[in-house]
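Me: Hi! I'm new to this one and would like a friendly walk through it. Could you show it to me?

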Amino acid sequence: MVLEGDVGSGLIAIGAGLAVGLTGLGAGMAEGDVGAAAVGAITEDMSLFGKSMIFVVLPETIVIFGLVIAIISIFVM
Amino acid sequence: MSRIVIVGTKSHMDEAIEALYSAEAIHLIDHTVDADEGFTLGTPRPYSPKASERLLKVRAMEKELGITNSVKTDAVPEDEIKSQISSDSVELVEKEVTSVLDKRNDLNQRITELNATKKNLELLSDIPVDLELYSGYKSIFSMVGTVVDDPTAALSGIDCEIFSSLNKKKGNVVAVFAKDADKEKVQAILSDNGFSEIPVPKETGSAASALARTDVELTAVSNELENVNKEIENLLEKHKTFLKASDEELSIEVQKGEIPVRVANSEYTFVIDAWVPAKKADSVKAEIESKVSGTYVEVQETRGRNLHEVEEAEERFKTTPSKFKNGKIVEEFQYCTKLVGVPAYQEVDPSILIAIFLPMFFGLMVGDVGYAIPFIIIGAYGLKVTRHKDWRAIATALFFGGIWAFIFGFFFFGECLGMHFVTSSHMLDVEFSWEMLLGLHGLPEIFNGILPYEAGVGKLFHVGFLLKLSVYIGIVHLLIGYLCGFYNKYIQHGFKHAFMEKGSWIMGFIGVVLACYALTELLIYGTPMDDIIIFLGLGIVLIVLEIVMNIKHEGIQAILELPGIMGNVLSYTRLAAIGMSKAGMALAFNYIALGMIAGVDITPAVVVGHEVVVDAFITNTFNFMDILGLVVFAFLHLVIWTLAILSAGLHGLRLQMVELMGKFFEGSGVEYNPLKIKREKTVSSKAKATKEV
């Protein structure tokens, strides 16, 4: 496989990957904890599903931030 | 909603209960102990205990016979089933069913016993001792059972006779005959070798002949069981209609009989508090007063939506039930609202907003004709066959989501299965279009002028545009949320309060949006300061105003929540991001599958452009790899399609629940649930009469 382009764009690509990857990891860790608690709550009372879901998906926003940073770094920088 | 009080004499209780149910508009307020002096909770109607008892019997029979909800039966006229129940049909059927069920239980037990005996006899058949010879001695005892290790050597010091059959597969069996005096010693030795006793069946002759006899009996009993099972099936067919109908009728009777327990009773009178829709209050009053003699109905209050009225009300009258007022389609989206909570009486119902935006967001994220069509078909089919409300809600969301996905896929992205219809200059090197793949050179003329950006928006190419679009959609969506919040506060507390509490948030929101817009232009696009100063200035002024107004209301929190607005808006970029992720997968999958069909080397070391693949594809002759390639193509797209349900569906729902509803929805209400009789397996005498006329 032949490498093309300059070092700068390579670094940008690595940075973008780190932004998405690390935020994904963070969100996953947070969501895992919240999700476990939420499933526990739902087994007790099914009507809590909607409210639990709101809490479960809250950390997801972190990934979106990472994604925005990644996209900005690739397409704008 | 209006609150009414129904007062009547206890002697007319049954008529009153009938009238309450036939009005179909009365939401009962449960009486609480000690709510009013001199009143207590009543006792169930005299017919109720008998009905409960019969219901219990019917349900038990249904369970035993295997009559589930999916068993279809015809509806029975109400009078008929009532007369059947009162002439003790339930008890007669129970007698018939129980006798057969008992027979089945006995047979099952016999089979278990015979199987156990059979197992023992199989072990014993290896010992050459007749069964009657194991017992009946004066000074000798016998021990027979399985062992782990051979005890012969250990027993050599004791005067005894040992029969053993050592078989690793079946198990080691030994029979020991010894003098009574040595009993303890023999027991100790055997237990050291892992002895476990086999009970010797009370039979005569060799174990093998007993085994044969047992086998014959087992077959006979099994046949009998089969016959009994057939009998049970016949009983199911014979009684299922009666059981289902009586289940429903008795449930209704029990429900009606329990009404006195929910209302206030004095020695001779009853008092019922209830909510009815304000429009129906007068008609309900007239209906009940005319139907039940000696009853008086008074409309106590008509509850407005201002919270001051709630504060003045007595504790048990504080929560007013809320009635959903939605059309047929929006009704299905109430399910999503209810996942969070039932809207309070003083709150707007977000179902209609969900009905508009959820399918739209879903469609934008999927945005592909090829995936949209299966969604539409599955949604329509689901709506046709399912009656369960959960599935109906999902089917509706899929159907309308599919329609939006088709619209976006056809007119906006111009895509089918991850490939654009028309070839364009901004295509990636490994991307294909239907035009080049199938050689349809008439396509560009058809789509000419329909699609934006020449061949439709490229999910992986016009990223900046899609991101901006999703942010703008987010701003509109959130603004609607804030406006709903403003409206809620307005109907609850009045304009001034709403302006101070929610109006300030709207200003803050607009301020943050303007300031962020100005900063993005300045920092990323390098727009001169002069052009954007007006946005930045206005934004900062609005933010400051918001903080000043809100600090009075919420304290320092007001400042802390401002960055959250930015988070909320950016959260909508998932609309673009999920579309991108699916497009990326589709791109890779198409490249792999079409490369396979075309017979081009697609290893990453040599990235061949689309021209090479397409040329090979067109000149390709049919061979085995084509079929494999097509299977891979279908499977990989199925993967994307399935992921689309999860990611697009859940993220679409999340944007409604977290971002939109978080701005105004509390969901602390109670659903309006009027007393009503729902008949499925029985036909009410009234309905029958009108049908016959």
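Reply: Sure! One term before we begin: residues are in contact when they have heavy atoms within 4.5 Å of each other. Also, this is a predicted model.

Me: OK, so which residues does Phe375(B) touch, beyond four places away in sequence?

Reply: Phe375(B) touches Phe362(B), Val366(B), Leu398(B), Phe399(B), Gly402(B), Trp641(B), Ala644(B) and Ile645(B).

Me: And how many residues are in the largest nonpolar core?

Reply: The largest nonpolar core has 100 residues. Phe375(B) is among those with the most contacts inside it, along with Val366(B), Tyr371(B), Phe509(B), Met657(B) and Phe664(B). The largest share comes from helix α21 (residues 574–598) of chain B, with 12 residues.

Me: Where does that core lie with respect to the domains of chain B?

Reply: It lies between domain 3 (328–456 + 579–668) and domain 4 (464–571) of chain B, because both of them give residues to it. There is also a second, separate core of 31 residues, which includes Ile6(B), Ala25(B), Val284(B) and Ala313(B).

Me: Back to helix α21. Is Arg574(B) buried or exposed?

Reply: Arg574(B), which lies in helix α21 of chain B, has a relative accessible area of 1%, so Arg574(B) is buried. Apart from neighbours within four places in sequence, Arg574(B) is in contact with Glu60(A), Thr61(A) and Ile64(A) from chain A, and with Met365(B), His651(B), Arg654(B) and Leu655(B) from chain B.

Me: Chain A, then. What pLDDT does chain A average?

Reply: Chain A averages 85, and 91% of its residues score at least 70. Among the elements of chain A, helix α1 (residues 7–44) has the highest mean pLDDT, 92, and helix α2 (residues 49–57) the lowest, 80.

Me: Switching to helix α13 of chain B: how many residues does α13(B) have, and how far does it reach?

Reply: Helix α13 (residues 389–413) of chain B has 25 residues and reaches 33 Å from its first C-alpha to its last, which is close to the expected 36 Å. Its buried residues include Leu398(B), Gly402(B), Phe408(B) and Phe412(B).

Me: What covers the buried residues of α13(B)?

Reply: The cover includes helices α10 (328–340), α11 (351–366), α12 (369–385) and α16 (463–493), plus strands β13 (415–416) and β14 (419–420), of chain B. Just after α13(B), Gly414(B) takes a positive phi of about 60°.

Me: Which residue that is not a glycine has a positive phi of about 55°?

Reply: That is Glu24(B). Glu24(B) sits in the loop between α1 (13–23) and β2 (27–28) of chain B, and its relative accessible area of 38% makes it partly exposed. Another case is Asp88(B), with a positive phi near 60°. Asp88(B) is in the loop between α3 (78–86) and α4 (89–124) of chain B and is partly exposed at 37% relative accessibility. For context, most residues other than glycine have a negative phi.

Me: Last one: what does the side chain of Ser48(B) make a polar contact with?

Reply: With the side chain of Glu258(B), at 3.4 Å. Ser48(B) has its place in helix α2 (residues 47–65) of chain B and counts as buried because its relative accessibility is 1%. Leaving aside neighbours within four places in sequence, Ser48(B) is in contact with Val254(B), Gly257(B) and Glu258(B).

Notes: Residues are numbered from 1 along each chain as its sequence is written. Chains are lettered from A and ligands numbered from 1 in the order in which they are written. Side-chain values use heavy atoms; hydrogens and water are left out. pLDDT is the predictor's confidence in each residue, from 0 to 100. Helices (H or I, at least four residues) and strands (E, at least two) are DSSP runs, numbered from the N terminus. A nonpolar core is a set of buried Ala, Val, Leu, Ile, Met, Phe, Trp, Tyr and Cys residues joined through side-chain atoms within 4.5 Å. Buried means under 20% relative accessible area, exposed over 50%, partly exposed in between (1.4 Å probe, protein chains only). Domain bounds come from an automatic or database domain assignment. A polar contact is a pair of N or O atoms within 3.5 Å; within protein, one must be able to donate a hydrogen and the other to accept it, and residues adjacent in sequence count only if both atoms are side-chain atoms. The expected span of a helix is 1.5 Å times one less than its number of residues.
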